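Subject: A structure to look through

Dear colleague,

I am passing on a structure that I would like you to open alongside this message. Please look at it first for yourself, and then read the notes that follow.

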Amino acid sequence: MEGMKSQIKSMLQGIERYNPENIKTLEHYVDLQAREKGYDLEANLALLKLYQFNPTHNNLAVVVQILLKSLTNLPHTDFVLCKCLLSQELLEDPQIKNILYLADLLEMCQFKVFWQQVHSQGELIKSVQGFEDSVRRFVCHVICITYQTIEEGVLGELLGLVQETSVAYWLEQYGWKAGGDGVVTVSSQEEIIKTRNITEKIDIESVASIMASCY
């Protein structure tokens with residue numbers, strides 16, 4: 001993966017970036033990213049741009065992989081960048097529409113509905129290894145900035161976990177603590193409140209006019 005990444009980087013230099021003969025190599029690279037959990041946004045955008053210039057070379061399966069990979073990098077805006085390079089014909093494809101819907105659900109933090117959709121159409125995400133866990137990391141990011149405490153059952157639903165025992169793995173990953181009452185402590189008040197030293201700097205010139213007006 002790393003060896004090919006440097007090869008692709010040199011391939012995308014200058015005018016060679018727009019050479020349609022690179023399409024097959026870039027498509028193979030996208031598939032490699034999907035199988036080996038790698039990610040290269042610049043290369044993926046370059047391929048979508050080549051599809052724009054050469055619409056007869058459009059490969060729907062590859063576009064699906066690129067969009068799904070961009071979702072694994074939330075909360076970054078990679079998905080929006082990729083979506084902007086899609087033709088109207090691609091945007092109207094049923095598979096692409098499904099991915100756009102999934103992206104909207106994630107953006108609106110409708111995680112329960114998102115997992116329902118994912119579990120009902122497992123074939124769609126099958127081509128991207130580690131897709132679900134990558135999204136779960138994004139969900140954990142949202143939980144970290146939203147909750148101080150959360151019920152363990154609700155946490156499992158937000159993470160789309162079928163087995164309750166799977167919650168323990170994510171608690172360990174993020175250092176969250178589960179209480180005996182079924183409530184998970186995401187962050188303590190002490191961690192949120194930080195002391196801050198405030199220093200005010202007032203020079204004599206700014207005060208002089210105020211003092212003069214007092215006379």
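A residue is called buried when its relative accessible area is under 20%, exposed when it is over 50%, and partly exposed in between. With that in mind, helix α2 is a good place to begin, since in this helix Ile23, Leu26, Glu27, Tyr29, Val30, Leu32, Gln33 and Ala34 are buried. Please remember throughout that what you have is a predicted model.

Helix α2 has 14 residues, and from its first C-alpha to its last it reaches 20 Å, close to the 20 Å expected at 1.5 Å a residue. Just after α2 comes Lys37, and the phi of this residue is positive, near 60 degrees. Within the helix, Asp31 and Arg35 form a salt bridge, with their closest N and O atoms 2.9 Å apart. Why can these two be called about one turn apart? They are four residues apart in helix α2, and so about one helical turn separates them. Asp31 counts as partly exposed because its relative accessibility is 27%, and Arg35, with a relative accessible area of 44%, is partly exposed as well.

Stepping back to the whole protein, the secondary structure comes to 14 helices and three strands. Of its 215 residues, 39% count as buried, and the accessible surface comes to about 13200 Å², of which 52% belongs to carbon and sulfur atoms. If you take the contacts between residues at least 6 apart in sequence, 61% of them join residues at least 24 apart.

How far should the model be trusted, part by part? The mean pLDDT of the protein is 88, and 86% of the residues reach 70 or more. Confidence is highest in helix α4 (residues 60-71), at a mean of 97, and lowest in helix α13 (residues 189-192), at a mean of 47. Over residues 189-193 the pLDDT stays under 50, and for this stretch the model has three contacts beyond four places in sequence. I would read that part with caution.

Next come the charged pairs. Side chains of opposite charge can pair when their charged atoms come close. How many salt bridges does the structure hold? There are seven salt bridges in the structure, and one pair that meets in this way is Glu42 and Arg17, at 3.3 Å from N to O. This pair links distant parts of the chain, for Glu42 lies in helix α3 (residues 41-53), while Arg17 lies in the loop between α1 (2-11) and α2 (23-36), 25 residues apart. Glu42 has a relative accessibility of 43% and therefore counts as partly exposed, and Arg17, with a relative accessible area of 21%, is partly exposed too. A further salt bridge joins Glu123 to Lys126, with the closest N and O atoms 3.8 Å apart, and both Glu123 and Lys126 are exposed. In addition, salt bridges that share partners join Glu132, Asp133 and Arg136 into one network.

Arg136 also belongs to the buried residues of helix α10, which are Phe131, Ser134, Val135, Arg136, Phe138, Val139, Cys140, Val142 and Ile143. What covers them includes α4, α7 (94-107), α8 (111-120), α9 (122-125), α11 (152-158) and α12. Helix α10 (residues 131-146) has 16 residues, which should span 22 Å at 1.5 Å a residue, and its end C-alpha atoms are 23 Å apart, which agrees.

The last part to look at is the sheet. Strands of a sheet pair through backbone hydrogen bonds, either parallel or antiparallel. Here, an open sheet of three strands has the order β1-β3-β2, and the pairing is antiparallel. Because β1 (149-151) and β2 (177-178) stand at the edges, each with a single partner strand, one side of each is left without a neighbour in the sheet. Strand β3 (residues 183-185) pairs with β1 over three bridges, and Thr185 in β3 is the bridge partner of Thr149.

Beside the sheet in sequence, Gly175 has its place in the loop between α12 (167-174) and β2, and this glycine is partly exposed, with a relative accessible area of 45%. Although Gly175 and Val186 are 11 residues apart in sequence, their C-alpha atoms are 8.0 Å apart in space.

With kind regards

Note on methods:
Residues numbered from 1 in each chain as written. Predicted model: local features only at pLDDT ≥ 70, side-chain atom pairs only at ≥ 80, totals over all residues. Heavy atoms only, no water. Buried < 20%, exposed > 50% of the residue type's maximum accessible area, 1.4 Å probe, protein only. Contact = heavy atoms within 4.5 Å. Areas by Shrake-Rupley, 256 points an atom, 1.4 Å probe, with all protein chains shown as cover. Salt bridge = Lys/Arg side-chain N within 4 Å of Asp/Glu carboxyl O. pLDDT = per-residue confidence, 0-100. Pairing = 2+ DSSP bridges. Expected span 1.5 Å × (residues − 1).
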